[in-house]
Amino acid sequence: GGLGQLGTGLAKVLRQKYGKNNVIMSDILKPSKEVVESGPYIFADILDFKCLQEMVVNNRIDWIIHFSALLSAVGEQNVPLAIRVNIEGLHNVMELAKQYRLRIFVPSTIGAFGPESPRNPTPNLCIQRPKTIYGVSKVHGELLGEYYYHKFGLDFRCLRFPGVISSDTNPGGGTTDYAVQIFHDALKTRQFQCYLKPDTRLPMMYITDALRSLCEFMALPPEALKQRTYNVTAMSFTPEEIVKSVQRHVPDLQVSYAPDSRQQIADSWPQVFDDSEARAEWNWKPQYDIDGMVDIMVEALRPKYKN
Ligand SMILES: NC(=O)c1ccc[n+]([C@@H]2O[C@H](COP(=O)([O-])OP(=O)(O)OC[C@H]3O[C@@H](n4cnc5c(N)ncnc54)[C@H](O)[C@@H]3O)[C@@H](O)[C@H]2O)c1
């Protein structure tokens, strides 16, 4: 799933750190010229075990970052496909990682919690009864990974991310996407229609922080990890609050609210995410708060919409 919102940026960061040819991107999408020129790219369908196996063997792979997934809102539109990609796909990479003794990263999400979880704040360990197929597949991933760790010694690592905000890649159909869309609409048309109610609070993170948390977490020696799955976050805000922050740059921004089916999903998710265990156990610390994130998003996107 390397060509998605997180994979594109992660490949850049990892290539700077470990060398261009030591990081292979893969996806089922046709890559842009820029992607092809930036380093190795291979077609790999997460549902094709043999194809993945061949890639690992031929390239002497030792880490897998497993990003392919159908996100929360898209998953609800096509449950059978979400089950295949999110659950069967996970089984493939997990088995592969076990066979070839790979270190494997699987992202989880605030969507792995549900209405019965404590929502403000949501601790690392608490009841998880998600109400989306996306959340169900993520809890399955967390549990299976931890099981493989205990049973087979698999080096499984998982971070639960909140909504990730980025300017150079588009979000892939999650419930937190509004917090990216607002920048494009504010700069392009000065008008934004939000599909969540103004007071819907959700945890969020700027992409630089999200990718840094992943890199720091993956580089830890195995003995430094007390747990395999951690919450990470940076901020928590409502549509109303981000609108105010964006209006510091676009004072004439007009906003209307028209909640759709994503409201129900958001209402079952954490409002504030407790990442104190990641902070205490491996020194996780975010750098961007809401205003810092908004400033950098506006700065990055303004040139695109200047006419
Ligand atoms: N972006 C967020 O806000 C966020 C938050 C929490 C967790 N996550 C998790 O991080 C991971 C990456 O998220 P993202 O935002 O980059 O998602 P995305 O939707 O932007 O990208 C997913 C990628 O998976 C690829 N894919 C789909 N089916 C595939 C298949 N059969 N084989 C191979 N690739 C396939 C798609 O082509 C796409 O490029 C996901 O597992 C997601 O659940 C993301």
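## Ligand environment and helix packing

Four secondary-structure elements, namely α1 (5-18), β5 (108-109), α6 (133-152) and β7 (163-165), each supply at least two residues of the shell around the ligand. The model described here is predicted.

In total, 26 residues surround the ligand, and the closest are Q5, L6, D27, Y134 and K138. Sorted by class, this shell holds 15 nonpolar, eight polar and three charged residues.

Polar contacts to the ligand involve side chains as well as the backbone. The table lists the atoms and distances.

| Residue | Protein atom | Ligand atom | Distance |
|---|---|---|---|
| D27 | N or O atom in the side chain | oxygen | 2.7 Å |
| K138 | N or O atom in the side chain | oxygen | 2.8 Å |
| I46 | polar backbone atom | nitrogen | 2.9 Å |

On its own, the ligand has 840 Å² of accessible area, of which the protein covers 90%.

D27 and K138 thus appear in two roles: both are among the closest residues to the ligand, and a side-chain N or O atom of D27 lies 2.7 Å from a ligand oxygen, while the corresponding distance for K138 is 2.8 Å. At I46, by contrast, a polar backbone atom is the partner of a ligand nitrogen.

Helix α1, which supplies at least two residues of the shell, also packs against another helix. Its axis comes within 10 Å of the axis of α8 (residues 207-219), and the two cross at roughly 55°. An angle from 35 to 65 degrees is neither roughly parallel nor roughly perpendicular, and α1 and α8 are therefore oblique to each other. The crossing of α1 past α8 is right-handed.

Terms used:
Residues numbered from 1 in each chain as written. Predicted model: local features only at pLDDT ≥ 70, side-chain atom pairs only at ≥ 80, totals over all residues. Heavy atoms only, no water. Near = heavy atom within 4 Å. Polar contact = N/O pair within 3.5 Å; in protein donor to acceptor, adjacent residues only side chain to side chain. Areas by Shrake-Rupley, 256 points an atom, 1.4 Å probe, with all protein chains shown as cover. Nonpolar A, V, L, I, M, F, W, Y, C, P; charged D, E, K, R; others polar. Axes fitted to C-alpha atoms, helices over the stretch in contact; angles between N-to-C directions. Parallel < 35°, antiparallel > 145°, perpendicular 65-115°, else oblique. Left-handed = near helix turned anticlockwise from the far one by under 90°.
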